[in-house]
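Here are a few friendly notes to read alongside the structure. Take them one at a time and find each residue as you go.

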Amino acid sequence: MPRVRVYVTLKPALLDSAGRTVTSSLQHLGFDEVSDVRIGKLIHLDVEKVEESRIKEMCQKLLANPVIEDFSYEVVG
Amino acid sequence: MKVAVLQFPGSNCDQDALKALRDDVGVDADYVWHNDGSLNGFDAVFVPGGFSYGDYLRCGAMASRSAIMQETIRFAKEGRPVIGACNGFQILTESGLLPGALLKNERQKFICKDVMLEAVNRTSIWTAAVDRTISLPIAHGEGRYVIDADGLKRIQDQEQIAFRYVSNPNGSVDDIAGVVNEAGNVLGLMPHPERATKELLGGNDGLLILKALSLVNA
């Protein structure tokens, strides 16, 4: 069965307060090369058949909130 | 006048709301369950706070797609009063009834305290009686109101900002604590008016907002 990986990320203009906290935690652990962290979601969908328009619709209707988030997806397997 | 207090799995301000409406606002109110309830016979809707559906995916996302919210959207578009507090506000933005969205507080902390609020536009039924700065409790981890620059200009121009924090607790854009829709019949706010309806609770400023329900012609 095909699997679709949907990535949902906060729009770049918006402050990711959790990401900011993780940034400082990584720096605290000595990973000085890290200047920014942004946290998103990875959603796996197992679908019987891949129909791109329907995957986009799922993202727009529920998986992502277009007011604050961007999404992308890839078909694997 | 009868108010529907919506209940989702994970709602936790539903009982506070029902009691405040019945005992302190003085209107009839009843619970309406999310998947088999109906708004027939109701004149207004209260969308309560809590963690509906565990706030899976995003705060309010699952609840906003529920059957009762589809009915609430129709109800609101008829111009009837709808108010959502805290998670209820998140549900209303997720449902598209209100502009913008709520994100994690600027500093990751869950904030639980009383805040001072000013009514910005007094044109809606919800703010008409708020003639002074009021104090209401907040209790949220994700109350940072965001909206893009065009959207902000639109809600400023159309007098849709209902409440601003006197001292911004969570990083909300333009200090926004609550907004109304274009028509003014739908209000969403992060503070809890239903938790401030009598002196025993530490204050009754919430009545200045909720009393609007007792003035609606049913």
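1. Start with the largest pocket of this predicted model. Its lining is made up of 25 residues, and A:L10, A:K41, A:E69, B:L103 and B:K104 are the ones nearest the centre. Two or more lining residues come from each of β1 (3-10) and α1 (17-28) in chain A, and from each of α4 (87-94) and β5 (101-103) in chain B. The pocket holds about 430 Å³ of space, and its lining has eleven nonpolar, six polar and eight charged residues.

2. Now look at A:E69 again. Its side chain forms a salt bridge with B:R58, at 3.6 Å from N to O. A:E69 sits in strand β3 (residues 69-76) of chain A and B:R58 in a loop of chain B between β3 (44-47) and α2 (61-64), so this pair joins two chains. Are these partners buried or exposed? A:E69 is buried at 8% relative accessible area, and B:R58 is buried at 7%. Both belong to a network of salt bridges that also includes A:K41, B:R65 and B:E94.

3. For contrast, try B:K19 and B:D23, a salt bridge with its closest N and O atoms 3.0 Å apart. They are four residues apart in helix α1 (residues 14-25) of chain B, so about one helical turn separates them. B:K19 is exposed at 54%, while B:D23 is partly exposed at 45%.

4. Finally, visit the second largest pocket, with a volume of about 310 Å³. Among its 21 lining residues, B:G96, B:L97, B:P99, B:N181 and B:E182 lie nearest the centre. Helix α5 of chain B contributes the most to this lining, with three residues.

Methods
Residues are numbered from 1 along each chain as its sequence is written. Chains are lettered from A and ligands numbered from 1 in the order in which they are written. This is a predicted model: local features need pLDDT of at least 70, side-chain atom pairs count only at pLDDT 80 or more; totals for chains, interfaces and linings use all residues. Side-chain values use heavy atoms; hydrogens and water are left out. On a 1 Å grid over the protein atoms alone, a cavity is a set of points where a 1.4 Å probe fits but cannot get out, and a pocket is an open set with protein on both sides within 12 Å along at least five of seven lines; lining residues have an atom within 4 Å of a point. Grid points are joined across faces, edges and corners, and a volume is the space filled by probe spheres set on the points. Ala, Val, Leu, Ile, Met, Phe, Trp, Tyr, Cys and Pro count as nonpolar, Asp, Glu, Lys and Arg as charged, and the others, Gly among them, as polar. A salt bridge is a side-chain nitrogen of Lys or Arg within 4 Å of a carboxyl oxygen of Asp or Glu. Buried means under 20% relative accessible area, exposed over 50%, partly exposed in between (1.4 Å probe, protein chains only).
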